[in-house]
Amino acid sequence: MITTEENDLLCRVENGAPMGQLMRRHWVPICLQEEVPAADGTPVKARILGEDLVVFRDSDGRVGVLDEYCPHRRASLVFGRNEEGGLRCLYHGWKMDVAGNVLEMVSEPAASGFAEKTKHKAYPTKEWGGFVWAWMGAQDQMPEFVPPRWAPTAEARVSIAKVVLPCNWAQILEGAIDSAHSSSLHSSDMVPARVHGAEANEKNWLRPSTDKAPRMQVQRGDYGFRYAAIRRPIFNAQTHDYVRTTVFVAPWTVLIPPNNLYNVANVNVPVDDTNTCFYFIGWGDPAQTPETETWRKFLGQSVGVDLDSQYRPLRNYDNRFWQDRQAMKAGNFTGIKGIPNQDMAMWITMGKIADRSNDRLGASDMAIVEFRKQMIEAVRTFQQSGDAIGAGELSIAESVCSFQGVIPKTVDWRQYEAKYVWAAQADSPELDTSYTVKA
């Protein structure tokens, strides 16, 4: 349980809020690359950290992330003409390039020199792992872009389901680091089975345990923390534990325990205080990782079927998230199709911003307690020193990743050598950080 003041410090990101400023010390996922697929294509609106943006791909294929509103009279550039190397406002024809330079002011005298004196807000960009990223912090503090742990190399297949949800980022992230809920909420999709570790098939994720009350242990790091949910396995229970470790990478990423075929992660980017872009990611060897459309179908997150064209869920509180009560009577635990849809029903029904002052937390909530404590401390440290958790020297080490497995009780999970899942016949590619940034 935390105070209302602490809850605001944790959750709010708009209008100069400390958490929003801390997040701007990281490269920010703005949208999917698939949203701006073609040169001179349709501009896309994005709203991130309470700021309205327009994203477009220019004639040379470069991606720009600009303030949505024209510097002239603040008309939206989302409706502008994307042509000949820039985005032209419909109102008076002002044209800006991806760096925010004003290329033309057709409404002004050519000799005025006004265009050269005007600069539009534009953010440096990078395309990687299926995303358009931007550096939204101070330009003199911009670090090199480093690939995230869930897209370590260009060889990895990264399949992403995107959903824009009407609730705060922190309650979504808390769901991702809450291992205990999976044994109940997802029990019809994460099915106990006599397997040697988590396995995936076309319909289910299998796990070797029926234990619904895991023992939790946490290990804090400068980047965030990792924790183990330790369960009794179906076999060899006297000598072994079933261990699932999850990694929280501040400020918004969770590396979820993998299955036998591919790795899993999610990223939770605040749109503003009360809306979030939630990305559920499967990644790994292209030979074993499902393609994007297969991944979205498995999760119940297909655009045009489960989501509208703006990635907003068609399931909602008013239509009961399409819950099938007959299926529940027949044995399905929730009656809601798709693992993330089950989560969304919980997150959204908590309200726009969950009131954590009324929580009653137990032993299974250790990771939740750690997240709140660490991030509130991190914001206060940032206010005092400017040091941002998970950034710069506080970044996550390459050796840290999530894992799951049935391991001897004599083995300390903290010392267990974990590697992300890749094809058995191939070595996992090493992290390569030699990338340049598009300004």
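**Group meeting: pockets, a covered helix and two small sheets**

Let me start at the end of a helix. Right after α7 comes Gly-351, and its phi is positive, near 105°. Before going on, I should say that this is a predicted model.

Staying with α7, the helix covers residues 339–349 and is mostly covered, with nine of its eleven residues buried. The buried ones are Ile-339, Pro-340, Asn-341, Gln-342, Asp-343, Met-344, Ala-345, Trp-347 and Ile-348. What do these buried residues pack against? Two helices are on the list, α4 (169–176) and α5 (292–299). The strands on it are β12, β13 (190–192), β15 (205–207) and β21. Keep β13 and β15 in mind, as they come back with the sheets, and β12 and β21 come back with the pockets.

Now the pockets. Rolling a probe the size of a water molecule over the atoms shows where empty space is left. The largest pocket has a volume of about 810 Å³. Its lining counts 34 residues, and those closest to the centre are His-26, Val-146, Gly-390, Ala-391 and Ser-395. Which strands supply at least two residues each to this lining? They are β1 (27–32), β11 (131–135) and β19 (253–256). By residue class, the lining splits into 21 nonpolar, seven polar and six charged.

The second largest pocket holds about 460 Å³ of space. It has 17 lining residues, and nearest its centre are Lys-45, Ala-46, Arg-47, Val-164 and Gln-310. Two or more lining residues come from each of β1, β2 (44–48), β12 (157–165) and β21 (275–284). Of these, β2 gives the largest share, with five residues. The class count for this lining is nine nonpolar, three polar and five charged. Note that β1 is named for both pockets: it supplies at least two residues to the lining of the largest one, and two or more to that of the second largest. Likewise, β12 and β21 contribute to the second pocket and are also packed against by the buried residues of α7.

That brings me to the sheets. Strands of a sheet pair through backbone hydrogen bonds, either parallel or antiparallel. The sheet with β1 is open and has three strands in the order β1-β11-β10, with antiparallel pairing. Its edge strands are β1 and β10 (125–128), each of which pairs on one side only. On average, neighbouring strands here are turned by 30° against each other, ignoring direction. Between β1 and β11 there are five bridges. One position to look at is Trp-27, whose bridge partner in β11 is Trp-135. Both strands of that pair, β1 and β11, also take part in lining the largest pocket.

A second open sheet also has three strands, ordered β13-β15-β14, and here the pairing is mixed. Why is one side of β13 and of β14 (199–200) left without a neighbour in the sheet? Both stand at the edges with a single partner strand each, so that side has nothing next to it in the sheet. The β13 and β15 pair is parallel, over three bridges. Pro-192 has Arg-207 in β15 as its bridge partner. As mentioned, β13 and β15 are among the elements that the buried residues of α7 pack against.

A few backbone details next. The peptide bond from Ala-250 to Pro-251 is cis, with omega near 5°. Pro-251 sits in the loop between β18 (240–249) and β19.

Two residues other than glycine have a positive phi worth listing. For Asn-15 the angle is about 55°. Asn-15 lies in the loop between α1 (4–11) and α2 (18–23) and is exposed, with a relative accessible area of 79%. For Asp-40 the phi is near 60°. Asp-40 is found in the loop between β1 and β2 and is partly exposed, at a relative accessible area of 34%.

Last, a residue in β18, the strand before that cis proline loop. Thr-245 lies in this strand. Is Thr-245 buried or exposed? Thr-245 is buried, with a relative accessible area of 0%. Leaving out residues up to four places away in sequence, Thr-245 touches Tyr-227, Ala-228, Leu-255, Pro-257, Cys-401, Ser-402, Phe-403 and Trp-413.

That is what I have for today.

Note on methods. Residues numbered from 1 in each chain as written. Predicted model: local features only at pLDDT ≥ 70, side-chain atom pairs only at ≥ 80, totals over all residues. Heavy atoms only, no water. 1 Å grid on protein atoms, 1.4 Å probe; cavity = no way out; pocket = protein on both sides within 12 Å on 5 of 7 lines; lining within 4 Å. Points joined across faces, edges and corners; volume = space filled by probe spheres on them. Helix = DSSP H or I, 4+ residues; strand = E, 2+ residues; numbered from the N terminus. Nonpolar A, V, L, I, M, F, W, Y, C, P; charged D, E, K, R; others polar. Buried < 20%, exposed > 50% of the residue type's maximum accessible area, 1.4 Å probe, protein only. Contact = heavy atoms within 4.5 Å. Pairing = 2+ DSSP bridges. Axes fitted to C-alpha atoms, helices over the stretch in contact; angles between N-to-C directions.
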